[in-house]
Amino acid sequence: TTAGHMSDITISMLFNHIKEKLGQAEKTELDAHLENLIARADCTKNWTEKIFRQTEVLLQPNPSARIEEFFYEKLDRKIPSRTTNAELLGQHMQDAAKEFGPGTPYGSTLITVGEFQRRLGGAEREFLQMSAINFLTPLRNFLEGDWKTISKERRLLENRRLDLDICKARLKKAKLAEAKSAAEHELRVAQTEFDRQAEVTRLLLEGISSTHVNHLRCLHEFVEAQAAYYAQCHKHMQDLQKELSRFPNSFAVNASTSGVSAGPSHLSSATLPGASPPSHPSNPSNALESSTLKIEEVKPPATGTRKAKVLYDYDAADTSELSLLADELITVYTVPGMDPDWLIGERGNQKGKVPVTYLELLS
């Protein structure tokens, strides 16, 4: 312990001695080109590190999962495949369908939606793998490989500069001819070593241009992977919508029990701020099954009428429909055999069919 303490004191004294020497010596300046290369390299390292870290967060938002993957990389072990959230959701939906009954409307729909969620999850996993290989890995290789080499050579250059400054100070102090001769020799050696190290460092720093070219190529590959992923997701969702459109409208409430179509919920996209009005609904000839039934003859049921707020202006297509103004309140109900996309709306003594998607049911 005593020997270690004495060693620390010796190192401290030597360091102070060097600082005193440097205080009397003029600092050797690097040439402007080398200074610019160093500044450019520092900028590249700092922004590459930020882009790398944020890309990691984008691809894996879970901090615990990122830490686990970090340790796997440090131990040079393969990162185990992780189930994506979409795949897990799809599995839960399909498991739920087994409990509810795959033959029921809800169960069969859960099976279909669950399958497409799993496809979305598979596309996500493929995107994560491609991004890690083509974008994250090159950035990491630069930070953990090339940059460490550059940093090491820069430290050596700084040490050579300190040696050169000390030799310059020693030459200034030399009084005797013999001492001056020795100091001049040491200065020449120090200058040669400094120039050699400056050249090595310069060559490495000029390689940053190649790094930019490489990272540019990787960036293009990352964007291509993103575009392919989002296009794949879009196609899956379009296919899912087509599948669901083949299912019967089983979510409409039975007219004999409630008298009103389920309609959109308060959280449907139609009610969100800034949402555009839905497209004009089709008006099939069987909106009312009985061809002899006239709108003016339709009577509201004893129970089952509800108030509804109009979300958008609507112009009636014919005399069987009721024109609507946004934000007005009307009374709505349905009748047996009516298309579930339509309701009967009443405003005062006016009456006519109104599209469900233009309404927010209040009670």
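Serine 131 is a good place to enter this predicted model, since at 1% relative accessibility this residue counts as buried, the limit for that label being under 20% relative accessible area. Serine 131 sits in helix 5, and, when residues up to four places away in sequence are left aside, its contacts are Leu59, Leu136, Phe222 and Ala225.

Helix 5, which spans residues 105-173, also leads to the largest nonpolar core of the model, a set of 32 residues in which Leu30, Leu34, Phe127, Leu157 and Leu205 have the most contacts. At least two residues of this core come from each of helix 2 (32-59), helix 5, helix 6 (177-206) and helix 7 (208-245), and the largest share, 13 residues, is supplied by helix 5. Leucine 34 gives a view of the surroundings of one core residue: with residues up to four places away in sequence not counted, leucine 34 touches Leu157, Ala198, Arg202 and Leu205. Another core, of 22 residues, lies apart from the one just described, and among its members are Tyr312, Val332, Val335 and Val354.

Val332, one of the residues of that other core, also appears in the strand pairing, where its bridge partner in strand 3 is glycine 345. Strand 2 and strand 3, the latter formed by residues 342-347, pair in the antiparallel sense over three bridges. On the other pairing of strand 2, which covers residues 329-333, four bridges join it to strand 1 (residues 306-310), and these two strands likewise run antiparallel. Within that pairing, lysine 307 has threonine 331 of strand 2 as its bridge partner.

The loop between strand 1 and strand 2 holds aspartate 327, a residue that is not a glycine and yet has a positive phi of about 80°. Is aspartate 327 buried or exposed? Aspartate 327 counts as exposed because its relative accessibility is 55%, and the label exposed applies over 50%.

The cysteines can be considered last. The structure holds zero disulfides, and two of the cysteines may be described by their accessibility. Cysteine 43 counts as partly exposed, because its relative accessibility is 42% and that label covers the range between the limits for buried and exposed. Cysteine 233, by contrast, has a relative accessible area of 14% and is therefore buried.

Terms used: Residues are numbered from 1 along each chain as its sequence is written. This is a predicted model: local features need pLDDT of at least 70, side-chain atom pairs count only at pLDDT 80 or more; totals for chains, interfaces and linings use all residues. Side-chain values use heavy atoms; hydrogens and water are left out. Two strands pair if DSSP finds at least two bridges between them. Buried means under 20% relative accessible area, exposed over 50%, partly exposed in between (1.4 Å probe, protein chains only). A nonpolar core is a set of buried Ala, Val, Leu, Ile, Met, Phe, Trp, Tyr and Cys residues joined through side-chain atoms within 4.5 Å. Contact means heavy atoms within 4.5 Å. A disulfide is a pair of cysteine sulfur atoms within 2.5 Å.
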